[in-house]
2 protein chains.
Amino acid sequence: MRKPTLLLFAFAFCFSAFSQKEDSIFIRKIADEILVNGKAYDNLHDLTKNIGGRLTASPQFYKAEQWGLKTLQQSGADKAWLQECMVPHWVRGGKDEASFNVYMKKNWARLDVLALGNSMGTGPKGITANVVEVKSFDDLEAKKDSIKGKIVFYNYKFNPTFIRTFQSYGDAVGYRGGGASRAAKYGALAVIVRSMSHSTDNNPHTGALRYDTTLPKIPAVAIGLKDADNLDYALQSQPGQVKVSLKTNGHFFPDTIGHNVIGELTGTEFPDQIITIGGHLDSWDPAEGAHDDGAGVVHTIEILRAFKALGYKPKHTIRFVLFANEENGLRGGTKYADEAKAKNEKHVFALESDAGGFTPRGFTFGGTPEQLKKVQSWIPLLYPYGVYEITDGGGGADVSPLNRNLKTPVAELGPDSQRYFDYHHARNDVFENVNKRELELGAINMAALIYLVDKYGL
Amino acid sequence: MRKPTLLLFAFAFCFSAFSQKEDSIFIRKIADEILVNGKAYDNLHDLTKNIGGRLTASPQFYKAEQWGLKTLQQSGADKAWLQECMVPHWVRGGKDEASFNVYMKKNWARLDVLALGNSMGTGPKGITANVVEVKSFDDLEAKKDSIKGKIVFYNYKFNPTFIRTFQSYGDAVGYRGGGASRAAKYGALAVIVRSMSHSTDNNPHTGALRYDTTLPKIPAVAIGLKDADNLDYALQSQPGQVKVSLKTNGHFFPDTIGHNVIGELTGTEFPDQIITIGGHLDSWDPAEGAHDDGAGVVHTIEILRAFKALGYKPKHTIRFVLFANEENGLRGGTKYADEAKAKNEKHVFALESDAGGFTPRGFTFGGTPEQLKKVQSWIPLLYPYGVYEITDGGGGADVSPLNRNLKTPVAELGPDSQRYFDYHHARNDVFENVNKRELELGAINMAALIYLVDKYGL
């Protein structure tokens, strides 16, 4: 009985070594194609400089839809189309303004503010009121009786000691998301939020809030770290003497029509089994949405381009999806999953890039432990291109509804996160802050992972 | 006999687990200290903005020596001193200029050039001559009969397909280092070298050349990638019709006195056994030397500062060395090792940072296989801070003479290399292109490695 077992083992080993070598060679081809002939950087330039910020339902967003459709077609999609979905239509409505003053001093110092996404404007007269600073929600509760008629300043610091900066974001983002309503509960007139960033500049970082619909929808703005420190200093040195004047203009129009932009390579063996790659096409309005999520958009398109350039014919159908409305509604990702469920589509895997165009380090994954183990077994193939870990951490926001609806295993590219929150939702999220090679390495590792899932399944 | 063995094993395991936990806690303290109270970024600002480029033997270099001495003292060195060494004194001598023209066309287009370090100037009249383009040294040999009286243009491309960009550098740098003499051998008047970079801009990247002293020392300049492509296009489209005019002013003064700047924490148990940490203080003149090697300088100082702030008393003597003259002579590193040998010093380990202030990924190491294994066994302790590999690849240039002279094991911080050659030896190697957290993470991992070597030896 020994010999056959040994032979079988030897055969399995040879096959595996052969496969691994074949995979390694093909992934090298992907890398060479993207590093030598890559279009991701040029496409990002086009998207950021010729279209710019692409807030959902803005003219720029619709321009980006057409750009995405055309670029997917030109990059070799077998077919490409727009998938309609209803989207929210929030507008900033004009320039956000703020200044602060200390009683008895005549000059108002300018605060550089950005209204939070989805927030209601102050009205044309603005709001001028005394400021109550709170360091946390516990602090808010402790001061709840002194908040009525005031502006609440959430000065919760982005924790520098988390090495992975998304942990700092997770830790702090609740003040942006829920701070307005929690302060409104105690009669606040508006809130100011310290930006979720540890950058060394003074850029305010916007991002979505969610109002509790049972409470007044009070205005909310973000300020940069230097302004936050200055305001804190004024409040500490002259307690009760600090007034802030705010004027914002945010409001909603009725929901309107937007689209996911989808390109497809039809599978040769399993055309009805779908692998999805995506990023989100919308971005906040004050910048160019270069890292968030122009990078994910051009990663997605680049993988299509590289597969076509290499003559790769996938077994499964691969969908390249530029999702609508990730930033302030997630309607695109939700629609994509809802339609998948309604049509009873079989989704094998979905991969997103929505953590910036920085040098890749890993992937996060959301699936069964067995699927995770399988994906982790491919790390040696990705290692030469910078990916050394795949951890259990779910996929991106846009693919998470697929995971919820259909139990589709999902993943997200995990680039180095040190610089991400220098730019995230701020005016400096521009093309110039994306590095060509770092961007390309993201596309390489994503393409390699898609190739492996297409070949071996999950 | 079984029980004692098992007990011994259990004890060893407990001890090891306990040690590892203790180490992990201390390294976390290092990280918190550097991330919360770090001075590396401020120190880098001071060095780059108040002193700037620090070419060996320039006034700025001597200013940097004094700055280094003062900063090491203020950061808590038990003692600090200057170690004298003779250094070369090359000067650029004025503005480098170049233009090119195609015969019959009246206008000369400006080429943006930087003379290579150590190169001889053209003389006040400059050199104007026809250009012969070569793609490689093989190509040079093939064209050797057509080179006399011409300017040779080395248009060897920085290979984009190496993922680790130092491989591309190693592959291409021979054209900068040896190209002038190889062309002089066939009667060339000057050389132009395509910069060792895959940046998207047109910055020329300087760096040292070495003349073969048996051949004429002809002028040599670097040009940026766009100019290189334009020149190539002109040469391809109008062969034999392209002239370049060059004017450079480089020359040497006699060797002079420079210094390594050294700070020390005296060991509590083994004061005569030395661990060295260093970076090089000199930089090329056209920029601020922020990544190369301001980052290494402030890494070095920051580790001293953090150890003092944490009250860490090393067993071994730790030397914090800001080396002189890495860029165009390595006299500082050589002197340090020569004196160590002459004084019969015992050097346990030497670690350098000279690959930029980018997000760390690993270390390279030069020592015995057993030492490498030991260092690699500590990776789990560094992993939370971004270091996941330690490979057999030697130390930095400045610590390599210690390795040669005394067989001292050496290492170098290995940050992510994707952006390094965008800035290396070019005008944009400035403070603004260094990220605070990426810089700090380098210091954290270096400090952790030094702590482990100090505790466990090698």
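Helices, of the H or I type and at least four residues long, are DSSP runs numbered from the N terminus. That numbering is used throughout the exercises below, which work on a predicted model.

**Exercise 1. Place A:Leu458 in chain A and decide whether it is buried, partly exposed or exposed.**

Step 1. Locate the residue. A:Leu458 lies in the segment after α13 of chain A.

Step 2. Count its surroundings. There are 18 other C-beta atoms within 10 Å of A:Leu458. A residue counts as buried at 20 or more and as exposed at 12 or fewer. A:Leu458 is therefore partly exposed.

Step 3. List its contacts, leaving aside neighbours within four places in sequence. A:Leu458 touches A:Val348, A:Phe349, A:Gly367, A:Gln371, A:Lys374, A:Pro409 and A:Val453.

Step 4. Check a separation. A:Ala306 is 152 residues away from A:Leu458 along the chain, and their C-alpha atoms are separated by 23 Å.

**Exercise 2. Describe the overall build of chain A.**

Step 1. Take the secondary structure. Chain A holds 13 helices and 16 strands.

Step 2. Compare the radius of gyration with the globule rule. Chain A has a value of 24 Å, and the rule gives 23 Å for 458 residues, so the chain is as compact as a globular protein of that length.

Step 3. Add the outline. Along the principal axes, the C-alpha atoms of chain A fill a box of roughly 90 × 45 × 40 Å.

Step 4. Turn to the interior. Of the 458 residues, 56% count as buried. Among contacts between residues at least 6 apart in sequence, 83% join residues at least 24 apart.

**Exercise 3. Split chain A into domains and describe where they touch.**

Step 1. Draw the bounds. Domain 1 of chain A covers 27-90 + 254-456, and domain 2 covers 93-249. Their C-alpha centres lie 33 Å apart.

Step 2. Count the contacts. In chain A, 15 residues of domain 1 meet 18 residues of domain 2.

Step 3. Find the main contributor on the domain 1 side. Helix α12 (residues 420-423) of chain A gives the largest share, three residues.

Step 4. Sort that side by character. It has six nonpolar, six polar and three charged residues.

**Exercise 4. Characterise the side of chain A that touches chain B.**

Step 1. Count. 22 residues of chain A are in contact with 22 residues of chain B.

Step 2. Name contributors. Helices α1 (2-37) and α13 (436-456) of chain A each supply at least two residues of this side.

Step 3. Sort. The chain A side divides into nine nonpolar, seven polar and six charged residues.

**Exercise 5. Trace the eight-stranded sheet of chain B.**

Step 1. Write the order. The sheet is open and runs β3-β2-β9-β5-β6-β7-β8-β4 (chain B), with mixed pairing.

Step 2. Identify the edges. β3 (109-111) and β4 (113-115) of chain B each have a single partner strand, so one side of each lacks a neighbour in the sheet.

Step 3. Note the twist. Neighbouring strands of the sheet are turned by 35° against each other on average, direction ignored.

Step 4. Work through the pairs around β9(B). Strand β2 (residues 97-102) runs antiparallel to β9 (residues 242-247) of chain B, with six bridges. B:Phe100 has B:Val244 as its bridge partner. Strand β5 (residues 127-134) of chain B also runs antiparallel to β9(B), through four bridges. Here B:Ala129 is partnered by B:Val244.

Step 5. Find a parallel pair. β6 (residues 151-154) and β7 (residues 190-194) of chain B share four bridges, and B:Ile151 stands opposite B:Ala190.

Step 6. Add the helix. α5 (residues 165-184) of chain B packs on the sheet and touches β6, β7 and β8 (220-223) of chain B. The direction of α5 makes about 155° with that of β7(B).

Note on methods. Residues numbered from 1 in each chain as written. Chains lettered and ligands numbered in written order. Predicted model: local features only at pLDDT ≥ 70, side-chain atom pairs only at ≥ 80, totals over all residues. Domains from an automatic or database assignment. Contact = placed C-beta atoms within 7 Å. Nonpolar A, V, L, I, M, F, W, Y, C, P; charged D, E, K, R; others polar. Rg over C-alpha atoms; globule rule 2.2 N^0.38 Å. Pairing = 2+ DSSP bridges. Axes fitted to C-alpha atoms, helices over the stretch in contact; angles between N-to-C directions.
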